Amino acid sequence: MRFAIALLFFASTALADECPQAPDHSDAVDALIAQVQAADNQLTAQELSNDMWAFWADAPDETAQEILDRGMQKRSSWDLLGAREDFDRLVSYCPDYAEGYNQRAFVNFLRQDYEAALPDLNRAIELSPRHVAALSGKALTLIGLGREAEAQDALAAALELNPWLPERSLYKPPPVKDAPGEKL
């Protein structure tokens, strides 16, 4: 039994060593964020968001892309356990690829396992701080956990990057404090 566990550990470590660095699309994503912030309407903003997804879903190599695509296909057909297995494999293979964590978090969110989703969202954001979808996913996950104040902070960060997010209707701006000396 211990041998099997050790073999699995070394196999996953070997897989991680084979995954190349994820493509750096930060300049292109930053340009899209600037465009979505200046967008005149929801349709334009949605097209720009779709363009962002194309960059986030650009896996480090063909193997990672196949795993990502298969997991996303399983998720789309509501095979959430199968999708989770694929995203577990992707995270093991490419531990520095943000989208693996974001997709696994999304599957856990759909399963309403918010406790499992949150660490993956935090890791995705750590790896890709301007990942708008991970930020908005974190906000929704925190809402699911009943952590409203933290959710509002995460949602504010996501809306700062993309003010057109569908989740914008959930944002509650902080109350305006009275000016010094004013009474209600």
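These are legends for a set of close-up views of one predicted model.

**View 1. The whole chain, before we zoom in, is made of helices, with 9 of them and 0 strands.** Reading from the N terminus, the order of elements is simply α-α-α-α-α-α-α-α-α. Of the 184 residues in the chain, 38% are buried. Take contacts between residues at least 6 apart in sequence, and 56% of them turn out to join residues at least 24 apart. The chain exposes about 10,700 Å², with carbon and sulfur atoms supplying 56% of that area.

**View 2. Here is the disulfide between Cys19 and Cys94, drawn with its two loops.** The sulfur atoms sit 2.0 Å apart, and the count for the model comes to 1 disulfide. The link is right-handed, with 100 degrees about the S-S bond. It ties together distant parts of the chain, as the two cysteines are 75 residues apart. Cys19 belongs to the loop between helix H1 (2–18) and helix H2 (26–37), while Cys94 belongs to the loop between helix H5 (80–93) and helix H6 (98–110). Are these cysteines buried or exposed? Cys19 has a relative accessible area of 14%, so under the 20% cut-off it counts as buried. Cys94 comes in at 2%, so the label is buried there too.

**View 3. Tyr97 sits in the loop between H5 and H6.** Its relative accessibility is 4%, so it counts as buried. Cys19 is 78 residues away from Tyr97 in sequence, yet the C-alpha atoms of the two are 9.3 Å apart in space. Which residues does Tyr97 touch, once neighbours within four places in sequence are set aside? The list runs to Ala22, Trp56, Ala57, Asp58, Ala59, Pro60, Leu68, Leu90 and Leu127. One of them, Trp56, comes back in the next view as a buried residue of helix H3.

**View 4. Helix H3, residues 42–56, shows a buried side and a side turned away from it.** With 15 residues at 1.5 Å a residue, H3 should span 21 Å, and its end C-alpha atoms are indeed 21 Å apart. Its buried residues are Ala45, Leu48, Ser49, Met52 and Trp56. Looking down the axis of H3, these fall within an arc of 105 degrees, so they line one face of the helix. They pack against H2, H6 and helix H8 (132–144). On the face turned away from that buried side you'll find the exposed residues Leu43 and Ala54. At the start of H3, have a look at Asn41: a side-chain oxygen of this residue reaches to within 3.2 Å of the backbone nitrogen of Leu43.

**View 5. Trp78 and Gln112 are two loop residues with an unexpected sign of phi.** Most residues other than glycine have a negative phi. Trp78 is not a glycine, but its phi is positive, at about 65 degrees. Gln112 is not a glycine either, and its phi is also positive, at about 60 degrees. Where do they lie? Trp78 is in the loop between helix H4 (62–76) and H5. Gln112 is in the loop between H6 and helix H7 (114–127). Trp78 has a relative accessible area of 56%, which is over 50% and therefore exposed. The value for Gln112 is 59%, so that residue is exposed as well.

**View 6. Ala124 is a buried residue of helix H7.** Its relative accessibility is 0%. Ala98 is 26 residues away from Ala124 in sequence, while in space the pair is 4.4 Å apart, C-alpha to C-alpha. Not counting residues up to four places away in sequence, what does Ala124 touch? The partners are Ala98, Tyr101, Asn102 and Ala134.

**View 7. Ser136 closes the set, with its place in helix H8.** Its relative accessible area is 6%, so this serine is buried. With neighbours within four places in sequence left aside, Ser136 is in contact with Ala158, Leu165 and Glu167. H8 also turned up in View 4, as one of the helices that the buried residues of H3 pack against.

How values were computed:
Residues are numbered from 1 along each chain as its sequence is written. This is a predicted model: local features need pLDDT of at least 70, side-chain atom pairs count only at pLDDT 80 or more; totals for chains, interfaces and linings use all residues. Side-chain values use heavy atoms; hydrogens and water are left out. A disulfide is a pair of cysteine sulfur atoms within 2.5 Å. Buried means under 20% relative accessible area, exposed over 50%, partly exposed in between (1.4 Å probe, protein chains only). The expected span of a helix is 1.5 Å times one less than its number of residues. The arc is that of the directions from the helix axis to the C-beta atoms. Contact means heavy atoms within 4.5 Å. A polar contact is a pair of N or O atoms within 3.5 Å; within protein, one must be able to donate a hydrogen and the other to accept it, and residues adjacent in sequence count only if both atoms are side-chain atoms. Accessible areas come from the Shrake-Rupley method with a 1.4 Å probe; for residues, only the protein chains shown count as cover.
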